[in-house]
Amino acid sequence: MVRMGPDVPLLNEYKQEFFWKRFPQTVLGGPRFKLGYCAPPYVYVNQAVLFLTPWLFGGVGTLLCQLQLLQELYAAVLSGTLMFAAAAGVQALALYAARRSGTVVERLGAPNILIDEEEVEFTHCVSPETVRFIAPGKRFGLNVVLHTVLAGVLCGLGTWYVFLGRLTALYGSTGVSLIVFVLSWVTLCIAEYSLIVNTAAETATFQAQDTYEITPLTRPLYIFIFIALDLADRFSHAVPELQLASQTLHVVFVFLPLLWALGVLPPLDALLLWGMEQALVFGLGGSPMSSNIRLLLMFAVSFGVAVCNYFIPSTLGVVLFSTSAGFLLSLDLSQVDTLCRRQRIAFRDHRFHSGAPLPLASFGWNLGCRELLLYLSLLVVAMAEAGLLHHFLGSAQSQDLVTRPQGPVRYLLLILFSLCWALREVQGAYVVGGMFLNPLYPKGMSNVQSFKQKNRGLHIAAAIRRVLLYLVSPFAMIAFLSMDKSLQSLHSVSISVGLTRAFRGVWQSSEDALLQMVVVVLVQLAAGNKTLPGWDTLGTGVQLLLVGLLMDRLSQFLAKLKFTLTVLVTSWTEKKQRRQSAGTLLALNASLWPLVLAVVMLSALLSAPLLPLFTLPIFLVGFPRPQRSWPGPVGTACPCPDSVFYQQMSGSLASALRTAFASGSLGSVAPGSHFLGRFQDRMVWIMILERGYGYCTVNIKVLHIFLLLRVIVNLHCELNLTHIILYITRTEL
């Protein structure tokens, strides 16, 4: 037995028994061949027959095709029709058994999580208890029809996908084709069983409850993706790239059960949300959203802006529309409704001149009439600047970097970036990544008043930085984009998307956009008057997109590489983390360091979590998911006696966070960052969910310090988070 430390087992006896019951079920897609109690043989035989039924029907179609009695298409249709009939029979039998047993499946109720621990009394092979144990049935009538149809389509297309003639044409070897044929049908049987008979407990779980039965569709979806690429290769005219992709994917298809079991492939909802978030952030210049509804709406609107930019005939119209849309979408427009309701309440209660403070609408931003006037003024000035510069200087191009209209703006961007970076660095106790002590930071802290007095100079520097970053830099970046020569070749998809993202990022994330623009400027200055093949033809918008994506993935790679090294080192140096197998695992990681590095790189490329298996230095790639890490809505809390304290603290904590974010004393705060705040025995866990121009949405989890310490001691692991301690004084609270 593997142990964590001297006496603590990694898996106790109960967990080992549960693991060996659940893991084979997950691998095979749902069959339960290990129950923990005695069961008649027909229970296992029925499950085995249902598991191999798709292979039987696919084998019939394959045999008829090999004997040249049917063409490939008709053989696939025959297999799919037989599977459809079998799936309909299984669903009808499950419904009949549910009615005979007098039970009604709750339509929106949660599944019984203890059903695996219950011992079932079987009477005969087709009794209602046996049928309900093997095929529990669906909760929705629509899913009965949908899953049955998909089972037939999956079997038909799967048969067509793994025809022996097709595999032989791909690999040119009968032996290799037979191996791929057999293992591919195992994958298809696993997906069919999970879809139509009994859904497996998936390792990759995103939702707490599968209310609408989305989990059974996960495995068939990935098979349909593989089949779609193979069909594209079949009907294309000998495209070498597609043929190579088809050969590779047929091999990967064999390993799909392993990927499903390890939880590498995301569920449908997580995959969709992750894809939209990545497209919104890196393709359209937005920010990760704090809820699914906001993500869907923002993605749809941002995509509509990019489409409009593609079809607007005038470049001046594109500049004006992109500038205005980018500014408006970077604001938290949901607070407009809050402002209107707040004004109606104030009007009803006659409290216009009472002097009472307005309630806190959201963390870091109170939208009022003054803010609306400020944003309206910024919008008008930005549009006027963009329109005038593009109209008078946009078409004036020169080969000399100095005489170009963008020349002075390039150097202005470099100066602004240097000043903003320097003013942000001096806000902390250490500078240059924590290497040196900040000489400007107050040395002593005898009381709060003296600390604030000594800190007055840093507050002035923070105010200057805020003006430069949020008022001066956006207009400098808009000037740079408005005079860009790529606007002359606007009507291409890449240029339209790139410029839409660039004009949006100026406001959505001014600090990141400034850094990306400085990198592009430095590349241009380094190249001089020479033309960089393949780079200059991309256009500034696409260049900024690639730079932003590369910088994000590089930062993730470095952070996860640091986490990997930390886990490896502490697994030996920390006594509580040192296992009996620590030396063996370290030697294994050292000998397989290219594989470990590839896992870290894959995790960074997919923006997916890097998971140490059972806290051991064995690293796996988690499934990609949105940055907020959980699907539930923000604001869900468990009532407890301490809730009143945290509610009273929230306003002052919001004010302290707003000041810290604006001054830059917490560094570059981006969505996905975590902070840990402590006040005596109270602790708050803060995560940045969403950030735009003038607002920041955070989620706060509260926990007592001794509970948090107990959790960390029990886990014996390092957390893969950005840990920053916020020391909030009594006066600030």
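This is a short conversation about reading a predicted model, feature by feature.

Visitor: Where should I begin with confidence, and which elements have the lowest and the highest mean pLDDT?

Guide: Start with the whole chain, then go to its parts. The chain averages a pLDDT of 81, and 83% of the residues score at least 70. Among the elements, strand β10 (residues 725-727) has the lowest mean, 35, while helix α23 (residues 593-606) has the highest, 94. Two stretches call for care. Over residues 350-365 the pLDDT stays under 50, and the model has 32 contacts there beyond four places in sequence. Residues 705-733 are also below 50, with 57 contacts beyond near neighbours in sequence.

Visitor: How do I read a helix such as α13, and what do its buried residues pack against?

Guide: A general idea first: an α-helix has 3.6 residues a turn, so residues three or four places apart point the same way. Now the case here. Helix α13 covers residues 315-329, and its 15 residues reach 21 Å from the first C-alpha to the last, close to the 21 Å expected at 1.5 Å a residue. Its buried residues include Val318, Val319, Ser322, Phe327 and Leu329. The buried residues of α13 pack against α12 (292-311), α15 (369-393), α18 (456-482) and α19 (493-508). At the start of α13, look for Ser314: one of its side-chain oxygens comes to within 3.3 Å of the backbone nitrogen of Leu316.

Visitor: How many residues are in the largest nonpolar core?

Guide: That core has 44 residues, and those with the most contacts inside it are Phe133, Tyr161, Ile223, Phe253, Leu256 and Trp260. Helix α7 (residues 174-196) supplies the largest share, 10 residues. Try Phe253 as a point of entry: beyond its neighbours within four places in sequence, Phe253 touches Tyr161, Ser184, Thr187, Leu188, Ile223 and Phe226. Another core, apart from this one, has 43 residues, among them Leu416, Phe503, Val506 and Val521.

Visitor: What about a charged side chain: is Arg424 buried or exposed?

Guide: Compare its relative accessible area with the 20% cut-off, under which a residue counts as buried. Arg424 has 18%, so it is buried. It sits in helix α16 (residues 407-425). Next, look for a partner: the side chains of Arg424 and Glu511 are joined by a polar contact of 2.7 Å. Setting aside neighbours within four places, the contacts of Arg424 are Arg465, Glu511, Gly664, Gly667 and Ser668.

Visitor: And strands? Why is β8 largely enclosed by the rest of the structure?

Guide: Because nine of the 11 residues of β8 (residues 682-692) are buried. For the pairing, follow strand β7 (residues 674-679), which runs antiparallel to β8 and is joined to it by six bridges. One place to look is Gly677, which stands opposite Val684 in β8. The hairpin of β7 and β8 has two residues between the strands, and Gln680 takes a positive phi near 55° there.

Visitor: Where else can I find a positive phi in a residue that is not a glycine?

Guide: As background, most residues other than glycine have a negative phi. Here, Gln68 has a positive phi of about 60°, and Ser607 has one of about 55°. Gln68 lies in the loop between α2 (41-66) and α3 (72-100), whereas Ser607 lies in the loop between α23 and β5 (610-612). Their surroundings can be read too: Gln68 is exposed, with a relative accessible area of 71%, but Ser607 is buried, at 12%.

Definitions and conventions. Residues are numbered from 1 along each chain as its sequence is written. This is a predicted model: local features need pLDDT of at least 70, side-chain atom pairs count only at pLDDT 80 or more; totals for chains, interfaces and linings use all residues. Side-chain values use heavy atoms; hydrogens and water are left out. Helices (H or I, at least four residues) and strands (E, at least two) are DSSP runs, numbered from the N terminus. The expected span of a helix is 1.5 Å times one less than its number of residues. Buried means under 20% relative accessible area, exposed over 50%, partly exposed in between (1.4 Å probe, protein chains only). Contact means heavy atoms within 4.5 Å. A polar contact is a pair of N or O atoms within 3.5 Å; within protein, one must be able to donate a hydrogen and the other to accept it, and residues adjacent in sequence count only if both atoms are side-chain atoms. A nonpolar core is a set of buried Ala, Val, Leu, Ile, Met, Phe, Trp, Tyr and Cys residues joined through side-chain atoms within 4.5 Å. pLDDT is the predictor's confidence in each residue, from 0 to 100. Two strands pair if DSSP finds at least two bridges between them.
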